Amino acid sequence: MAVHQQEHAHTTEIDPSHDEVREQLNRLLANPFFSHSKRFPTFLRFVVEHTLSGDAENIKERTLGIEIFGRDAEYDTASDPIVRVTAAEIRKRVAQYYQDPAHQNEVRITLPSGSYIPLFQWPQAARDLALHVAEVGAPTLEASKPSSRVNAPRHSHLMLVLACIAAGIVSVSAVFVWQATHRSALDYFWRPVLDSRDPVLLCVADQLQYSNIVLRDAADPTHEFILSDKLTALVMDDVFATGKVAGVLQSRGRQYSLKGEGATSLNDLRTGPTIFIGAFDNAWTLRLTNTLRYHFANDATMTRLSIVDRNAPSQVQWYVDRPAQMATNIYRDYAIIARFTDSNTGRLAVIVAGIGRGGTIAAGEFLTDPGDLLQIERSAEAAGDKKNMEIVLSTQIIDGQPGSPKVEAAYFW
């Protein structure tokens, strides 16, 4: 939808200008929903700029695959869904952005389902009020002043004031709606952790220990020194999930500590709730999930990694073929999220773990997204409001980046 002003018999449609759309695009892309990715900002800026320039007719799946993702001109769009998956994830992130009451009054940039051509609109309530004022005109407030000097600016100022009032009402209403429909779902899953008076531990997977570290000269940063040291590395994708979970704890005023799985002892797990990040690189995750209905498994050569249903062990449908994963970087990943009381420690355990790294990212996003958690809250209520739960998730990985998480199975006890 190109930005324009369109006159009808009785109404004037007030759409955002090109500059207003570009300002809003920059706000969107600066938000963490987009700033932590490379392909999402590139995709959204491409379709927005081409629409503003009047070239919307050429925004097609194949064109996007070629121009944005470097695909060959004859690539098979049916077998390579990178454009569709990316667009679906952008729609989700845009929706999450506008769910925040702080963004209720901003220009709406949306990507309609089934289309790659964005729409640009003002929020509906403020837009309708502005249209109404434009139709009926502004009342005269200072009749003693010449109309030729005050009518136009007064009209503009009154319209702005009324629009701001309407937007304020929309914003306040949105706060209550958001609290009623979203915050309770987030608190539903995390309440047992948040209500505990004991310290919360984040147990993360650790990796290689390095014997050397590269430091830079303060006076000349291009000059490097290699010094002897001993460091434990963390996988960046696990750090992403850890940061998401830590954000929930911090926003609720909960203190927490962070330990690598190699440094975590059984005594640590006895002191309070523990959140375990990562699966095959976190021994504690594998130990705790080994007795659950859904658990991680692998073949002898570690080339086929999977999640197995204990009630149907021969029907392995959730797996990652590692050679294919490494060759194409396009695959479906799976994850387990769980909340239960560990029988060994008597303490609450939360699992956030994918087969691959993309699965762990998707699990972290799911457990910090109110809309996703609302699904679990409803399923738990239908199952009798049980306190322990385990969910299997899947996500499509394109070029190493996960899409939206999808619930594959859930169990409550």
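Biologist: What makes strand 9 and strand 14 (residues 348-354) count as paired?

Modeller: Two strands pair if at least two bridges are found between them. In this predicted model, strand 9 and strand 14 are joined in the parallel sense over four bridges, so by the cut-off of at least two bridges they pair. Within that pairing, I277 stands opposite V352.

Biologist: Nice! Which strand pairs with strand 5 (residues 200-204), and in what sense?

Modeller: Strand 9, in the parallel sense, over four bridges. There, L202 has I275 as its bridge partner.

Biologist: Why are both faces of strand 9 (residues 274-277) called covered?

Modeller: T274 and F276 on one side are buried, and so are I275 and I277 on the other. Buried means under 20% relative accessible area.

Biologist: How do you know whether I336 is buried or exposed?

Modeller: Its relative accessibility is 0%, and the cut-off for buried is under 20%, so I336 counts as buried. I336 lies in strand 13 (residues 330-341), and its contacts include Y294, F296, I307 and V352.

Biologist: I307 rings a bell. Where does I307 stand in its strand pairing?

Modeller: Opposite W318 in strand 12. Strand 11 (residues 304-309) and strand 12 pair in the antiparallel sense over four bridges.

Biologist: And what makes strand 10 (294-298) and strand 12 (318-321) edge strands?

Modeller: The open sheet has three strands in the order 10-11-12, with antiparallel pairing. Strand 10 and strand 12 each have a single partner strand, so one side of each is left without a neighbour in the sheet. On average, neighbouring strands of this sheet are turned by 15° against each other, direction ignored.

Notes. Residues are numbered from 1 along each chain as its sequence is written. This is a predicted model: local features need pLDDT of at least 70, side-chain atom pairs count only at pLDDT 80 or more; totals for chains, interfaces and linings use all residues. Side-chain values use heavy atoms; hydrogens and water are left out. Helices (H or I, at least four residues) and strands (E, at least two) are DSSP runs, numbered from the N terminus. Axes are lines fitted to C-alpha atoms, for helices over the stretch in contact, and angles run from 0 to 180 degrees between N-to-C directions. Buried means under 20% relative accessible area, exposed over 50%, partly exposed in between (1.4 Å probe, protein chains only). Contact means heavy atoms within 4.5 Å. Lists of a residue's contacts leave out its neighbours within four places in sequence.
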